[in-house]
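Trainee: I have this structure open and I would like to walk through it with you. Could we take it slowly?

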Amino acid sequence: MRIILGVGGGIAAYKSATLLRLFTEAGHSVTVIPTASAGEFVGRATWEALSGQKVPEGIFDDVEKVNHVRLGQEADLIVVAPATADLLARAAAGMANDLLTNTLLMAACPVLMAPAMHTEMWRHPATSANVKLLRERGITVLEPATGRLTGVDSGPGRLPEPDEIYAAAMNTAGGASDGAAVTQPDARQTAAFQSPVAHSAAVQPAAGPLAGRTFVITAGGTREPLDPVRYLGNRSSGKQGAALAKAALDAGATVHFIAAHTEVEPPAGVELTAVETALELREAAQAAAQAADVVVMAAAVADFRPAELSGSKIKKRDDGEDPVITLVRNPDILQELVQNRDATGSTGVPLIVGFAAETGDAESDILSYARRKLERKGCDLLVLNQVGTGVVFGQDETSVQILSPGTEDTEAASGTKADVAVAIIDRIAVELKAQH
Ligand code: C5P
């Protein structure tokens with residue numbers, strides 16, 4: 001493939017040198033177009049040495065080659081990493097004030113942008129609006145990674161690792177690695193791709209029993225902020241959700257992974273939406289469910305959130321009084337998804353899978369609790385975990401029972417979370433087959 005690697009002016013520009021190597025080692029021909037400020041971080045000699053190609057610096061260099069038109073027209077894929085807030089804004093506004101933005105305007109090929117900036121800039125409404133607009137136009141804008149930023153700051157804003165950008169870029173190009181032709185996404189995948197919550201479209205025509213199926217998988221634990229430094233959270237590690245996403249991908253499905261706080265990285269190849277709170281997760285899940293065949297609610301969603309979010313850190317009071325935190329109920333996302341689906345009159349699409357982490361008690365055994373939950377939530381399958389025995393949270397091994405409505409029979413699976421994920425995905429595949 002002919003790839004254009006656009007490099008914005010941020011400290012993360014150095015990571016793009018590794019990304020460039022990944023592209024060239026896979027046999028792609030890469031032209032690097034750094035912005036003027038990118039030159040403050042990594043010089044053109046580095047790009048030319050690593051790409052083996054001249055860096056076309058400006059609109060007015062090599063005018064006879066009409067670079068500002070030709071480069072965008074000829075590219076099979078454009079990757080912008082890091083995409084600074086300024087670059088996102090210029091791209092969203094359709095500006096053409098340097099060679100990179102000219103090239104973006106000329107591009108007829110898939111475009112992926114990997115933002116990197118400070119958290120405040122990323123969360124600024126201007127940046128959010130620009131990202132939304134770019135996504136609506138079909139550009140894949142990755143979520144930045146969360147972690148240490150320049151200086152002492154930390155939060156969302158880090159450039160994802162080069163191998164992650166590489167994997168996302170190959171998905172964006174429709175699996176057109178190794179110089180193969182670019183595959184166009186089918187209509188359904190395009191809908192997901194253009195949804196405001198779709199972050200990177202995994203549009204690879206895959207083989208496997210779930211090829212052509214779209215899964216939405218939620219994972220991790222939501223965090224409900226109390227004040228700028230504190231939150232109410234839970235112990236979910238997101239390992240089971242990530243294992244489910246991997247098993248679904250391996251079976252050929254397209255996976256939209258909605259990640260609350262997780263201790264593990266999402267598997268490469270998913271379309272990722274990062275969320276923090278139950279309300280954010282609800283918005284992302286409802287939007288993504290519209291293009292899904294299956295929704296798997298593996299996330300541990302907080303049932304309650306603080307009624308008020310304090311704008312400043314809650315202080316110890318001089319009068320010695322303890323603060324009182326009032327909680328309000330969060331919506332039951334799983335139940336709402338079922339109700340929304342049933343209200344549309346659609347016949348069981350998407351298939352909706354819930355999870356239940358239960359402990360038995362003096363009144364009832366865990367299976368009875370789970371059966372009642374399945375009935376209450378109305379989902380098509382309920383995966384029951386027994387908690388309190390050392391298995392489940394954060395562990396690598398687990399043991400589940402899968403319940404479905406209208407039968408007392410349950411299916412058991414145990415082993416590593418990867419083994420259990422494969423068993424759950426297999427069961428979902430059976431249900432899907434029975435449905436159609
Ligand atoms: O009621 P409980 O929290 O035990 O139900 C667990 C299931 O419901 C999980 O699938 C979880 O993702 C989902 N859930 C939800 N919205 C909530 C709480 C849980 O969708 N507010």
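Mentor: Let us begin with a term: helices, of at least four residues, and strands, of at least two, are DSSP runs that are numbered from the N terminus. With that in hand, you can place I402, which is found in strand β18, covering residues 397–403. Please keep in mind throughout that this is a predicted model.

Trainee: Okay, is I402 buried or exposed, and why?

Mentor: I402 counts as buried because its relative accessibility is 1%, and buried means under 20% relative accessible area. You can also look across from I402 to F355, since the C-alpha atoms of these two residues are separated by 9.1 Å while their positions lie 47 residues apart along the chain.

Trainee: Let's switch to the ligand. Which residues come nearest to the ligand?

Mentor: There are 13 residues around the ligand, and those that come nearest are M297, A299, L334, F355 and K373. You have just met F355 as the residue whose C-alpha atom is 9.1 Å from that of I402.

Trainee: And which elements supply at least two residues each to that shell?

Mentor: Three elements do so, namely helix α12 with residues 333–343, strand β16 with residues 351–358, and helix α13 with residues 366–377.

Trainee: How do the shell residues divide into nonpolar, polar and charged?

Mentor: Eight residues of the shell are nonpolar, one is polar and four are charged.

Trainee: What lies 2.7 Å from an oxygen atom of the ligand?

Mentor: That is a backbone N or O atom of M297. On the side-chain side, a polar atom of K377 lies 2.9 Å from an oxygen atom of the ligand, and a polar backbone atom of P331 is 2.9 Å from a nitrogen atom of the ligand. As for cover, the ligand on its own has 440 Å² of accessible area, and the protein covers 88% of that.

Trainee: Which pocket is the ligand in?

Mentor: The ligand sits in the second largest pocket.

Trainee: New topic: where does D293 lie?

Mentor: D293 lies in a loop, the one between helix α11, residues 278–289, and strand β13, residues 294–297. D293 counts as buried because its relative accessibility is 9%, and its side chain reaches the backbone nitrogen of T214 at 2.7 Å.

Trainee: What about F23, buried or exposed?

Mentor: F23 is buried, because its relative accessible area is 0%, and its place is in helix α1, which runs over residues 13–25. If you measure from F23 to M1, you will find that they are 22 residues apart in sequence and 9.3 Å apart in space, C-alpha to C-alpha.

Trainee: Then how should I read A418, with its 44% relative accessibility?

Mentor: A418 counts as partly exposed because 44% falls between the two limits, under 20% for buried and over 50% for exposed. A418 belongs to helix α14, residues 417–435, and although A418 and A242 are 176 residues apart in sequence, their C-alpha atoms are 8.8 Å apart in space.

Trainee: And L232, where does that one lie?

Mentor: L232 lies in strand β10, residues 231–232, and L232 counts as partly exposed because its relative accessibility is 32%. From L232 to T222 the C-alpha distance is 8.3 Å, with the two residues 10 apart in sequence.

Trainee: Last thing, about cis peptide bonds: what is omega for the bond from A81 to P82?

Mentor: That bond is cis, with omega near -5°, and P82 lies in strand β3, residues 77–83. The peptide bond from V349 to P350 is also cis, with omega near 0°, and there P350 lies in the loop between α12 and β16, two elements you met earlier in the shell around the ligand.

Definitions and conventions. Residues numbered from 1 in each chain as written. Predicted model: local features only at pLDDT ≥ 70, side-chain atom pairs only at ≥ 80, totals over all residues. Heavy atoms only, no water. Near = heavy atom within 4 Å. Polar contact = N/O pair within 3.5 Å; in protein donor to acceptor, adjacent residues only side chain to side chain. Areas by Shrake-Rupley, 256 points an atom, 1.4 Å probe, with all protein chains shown as cover. 1 Å grid on protein atoms, 1.4 Å probe; cavity = no way out; pocket = protein on both sides within 12 Å on 5 of 7 lines; lining within 4 Å. Sits in = over half its atoms within 2 Å of the grid points. Nonpolar A, V, L, I, M, F, W, Y, C, P; charged D, E, K, R; others polar. Buried < 20%, exposed > 50% of the residue type's maximum accessible area, 1.4 Å probe, protein only.
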